[in-house]
Amino acid sequence: MKNKALTKIDNTRWQGIKILIILVVVGFVVFFGYGPLFDLVGGGIAGRIIGATFGSIFAILMTMFLLNKQTEIEQESKKSERVFEEKVLLYKNILDLAKNMLEDGQIDSKEFESLPFTMIQMQMIGGDQAIQIYTQFFEKINEIYASDENDVVKIPESKTQEVFSLLSRFSVQCRVDLGISDTPVDESIFARTLSA
């Protein structure tokens, strides 16, 4: 029952831990028991067979451990690649949606109704800081759209700068989340970008 709840990666890790424990046990047995066993057998062909057997067992277990580790790393890598691709796609979709809103200077009901779904997607795969900044952007768009009862709401000039600022901060955080940069853009560069 417990194994069903484990993911493939967790299962691979658990297998690696078990093999490592077996390696340690075999290592202790060989270290402490090989000498007396070899003395008991008295060397010769029997001693060589025992030595070859222990060597083979140790080599097999070591190979299993290394293959298990390699599988674990590959699974993690595939997962990371897939998540990275999904994040890039999601972040680009968010920026494209925002671009459409800001280019025509208005928010229509279709654009507005798509925002909660991107928020849900952000909660699924986005980084915490990116989600936080996107939430601020979402709240600002919600505030603008709620200020008018029409299906198409014009974005006031005074709010456009705030929306651009939030989008810029979001894109900077996306860079950090995607691993393109370890640190956010310097505040002076950020301020110059906004003023431009």
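Contact is taken here to mean heavy atoms within 4.5 Å, and the helices (H or I, at least four residues) and strands (E, at least two) are DSSP runs numbered from the N terminus. The model is predicted, so local features need pLDDT of at least 70 and side-chain atom pairs count only at pLDDT 80 or more, whereas totals for chains, interfaces and linings use all residues. Residues are numbered from 1 along each chain as its sequence is written, and side-chain values use heavy atoms, with hydrogens and water left out.

Helix α4 is a convenient place to begin. Its 17 residues, 109-125, should span 24 Å at 1.5 Å a residue, and because the C-alpha atoms at its ends are 25 Å apart, the model agrees with that expectation; the expected span is 1.5 Å times one less than the number of residues. At the N-terminal end of α4, D108 acts as a cap, with a side-chain oxygen 3.0 Å from the backbone nitrogen of K110. Burial is judged by relative accessible area with a 1.4 Å probe and protein chains only, buried being under 20%, exposed over 50%, and partly exposed in between. By that measure, the buried residues of α4 are E111, F112, L115, T118, M119, M122 and I125, and these pack against α3, β1 (106-108), α5 (128-146) and α6 (157-177).

The last of the α4 residues, I125, also appears among the contacts of K87, which, leaving aside neighbours within four places in sequence, comprise I125, G126, G127, D177 and L178. K87 is found in helix α3, residues 44-104, and counts as buried because its relative accessibility is 13%. Its side chain makes a polar contact of 3.1 Å with the side chain of D177, a polar contact being a pair of N or O atoms within 3.5 Å in which, within protein, one must be able to donate a hydrogen and the other to accept it, while residues adjacent in sequence count only if both atoms are side-chain atoms.

Side chains of opposite charge can pair when their charged atoms come close. A salt bridge is defined as a side-chain nitrogen of Lys or Arg within 4 Å of a carboxyl oxygen of Asp or Glu, and by this rule the count comes to 7. One of them joins K87 and D177, at 3.1 Å from N to O. This pair links distant parts of the chain, with K87 in helix α3 and D177 in helix α6, 90 residues apart. D177 counts as partly exposed because its relative accessibility is 22%.

Other salt bridges lie within a single helix. R82 pairs with E86, the closest N and O atoms being 3.4 Å apart, and because these residues are 4 residues apart in helix α3, they are separated by about one helical turn. E86 is partly exposed, with a relative accessible area of 29%. In helix α5, E143 and K140 lie 3 residues apart, about one turn of the helix, and their side chains meet in a salt bridge of 3.5 Å, N to O. E143 is partly exposed at 39%, whereas K140 counts as buried at 12%. Salt bridges that share partners join K140, E143, K159 and E162 into one network.

The surface also carries a nonpolar patch formed by W14, I17, I21, V25 and V29, with about 460 Å² of accessible area together. Within this patch, I17 is found in helix α2, residues 8-41, and counts as partly exposed because its relative accessibility is 42%. Patches are made of residues with over 30% relative accessible area and no salt bridge, like charges being joined within 9 Å and nonpolar side chains (Val, Leu, Ile, Met, Phe, Trp, Tyr) within 5 Å; accessible areas come from the Shrake-Rupley method with a 1.4 Å probe, and for residues only the protein chains shown count as cover.
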